[in-house]
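Subject: A structure for you to look at

Hi,

I'm passing a structure on to you, with some notes on what turned up in it. Could you have a look through it when you get a moment?

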Amino acid sequence: MSSVVPRVLLAAVAVALAAVAVAFQLGWDRAHRETMTLLASTGLAVRQPDVAAIAASDPDPVRARLAIARGLLAE
């Protein structure tokens with residue numbers, strides 16, 4: 001019976017870690033969608049396609065937004 005408790009605890013930790021990973025991924029997806037919406041709304045993709053490509057391919061939404069801001073500031 002004593003070996004069941006560590007297994008249950010281990011399973012609970014695994015489920016909690018999986019939930020955190022899913023929440024992180026959902027948050028990242030939302031931030032990426034918002035960044036692409038920002039890119040589309042500024043019209044930067046038409047005027048500066050190289051900057052738009054960098055922003056769209058960057059895996060970090062914060063760096064992508066910085067690239068968009070730099071492109072807009074350069075104009």
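Let me start with the packing: the buried residues of helix α1 pack against α2, α3 (residues 49–57) and α4. Those buried residues are A31, T35, L39 and T42. Please keep in mind throughout that this is a predicted model.

As for α1 itself, the helix has 39 residues and covers 57 Å between its first and last C-alpha, close to the 57 Å expected at 1.5 Å a residue. Just past the end of α1 comes G43, with a positive phi of about 75°.

Now to the charged pairs. How many salt bridges does the structure hold? There are four, and here are some details.

Within α1, the side chains of R30 and E34 form a salt bridge, with N and O 3.5 Å apart. Why are these two well placed to pair along the helix? R30 and E34 sit four residues apart in α1 (residues 4–42), so about one helical turn separates them. In general, an α-helix has 3.6 residues a turn, so residues three or four places apart point the same way. Both ends of this bridge are partly exposed: R30 has a relative accessible area of 44%, and E34 comes in at 37%.

A second bridge links R47 and E75, at 2.7 Å from N to O. R47 belongs to helix α2 (residues 44–47) while E75 is in the segment after α4 (61–74), so this pair ties together parts that are 28 residues apart in sequence. R47 is partly exposed at 45% relative accessibility, and E75 is also partly exposed, at 48%.

Then there is D58, which bridges to R63 with the closest N and O atoms 2.9 Å apart. Is D58 buried or exposed? With a relative accessible area of 13%, D58 is buried, because the cut-off for that class is under 20%. Its partner R63, by contrast, is partly exposed at 45%.

One more thing to look at on screen: R30, E34 and R65 are joined into one network by salt bridges that share partners. The R30 and E34 pair described above is therefore part of a wider arrangement that also takes in R65.

If you open the model, the buried residues of α1, including L39 and T42, are a good place to begin, and the bridge between R47 and E75 could come next.

Happy to talk it over whenever suits you.

Best wishes

Definitions and conventions: Residues are numbered from 1 along each chain as its sequence is written. This is a predicted model: local features need pLDDT of at least 70, side-chain atom pairs count only at pLDDT 80 or more; totals for chains, interfaces and linings use all residues. Side-chain values use heavy atoms; hydrogens and water are left out. Buried means under 20% relative accessible area, exposed over 50%, partly exposed in between (1.4 Å probe, protein chains only). The expected span of a helix is 1.5 Å times one less than its number of residues. Contact means heavy atoms within 4.5 Å.
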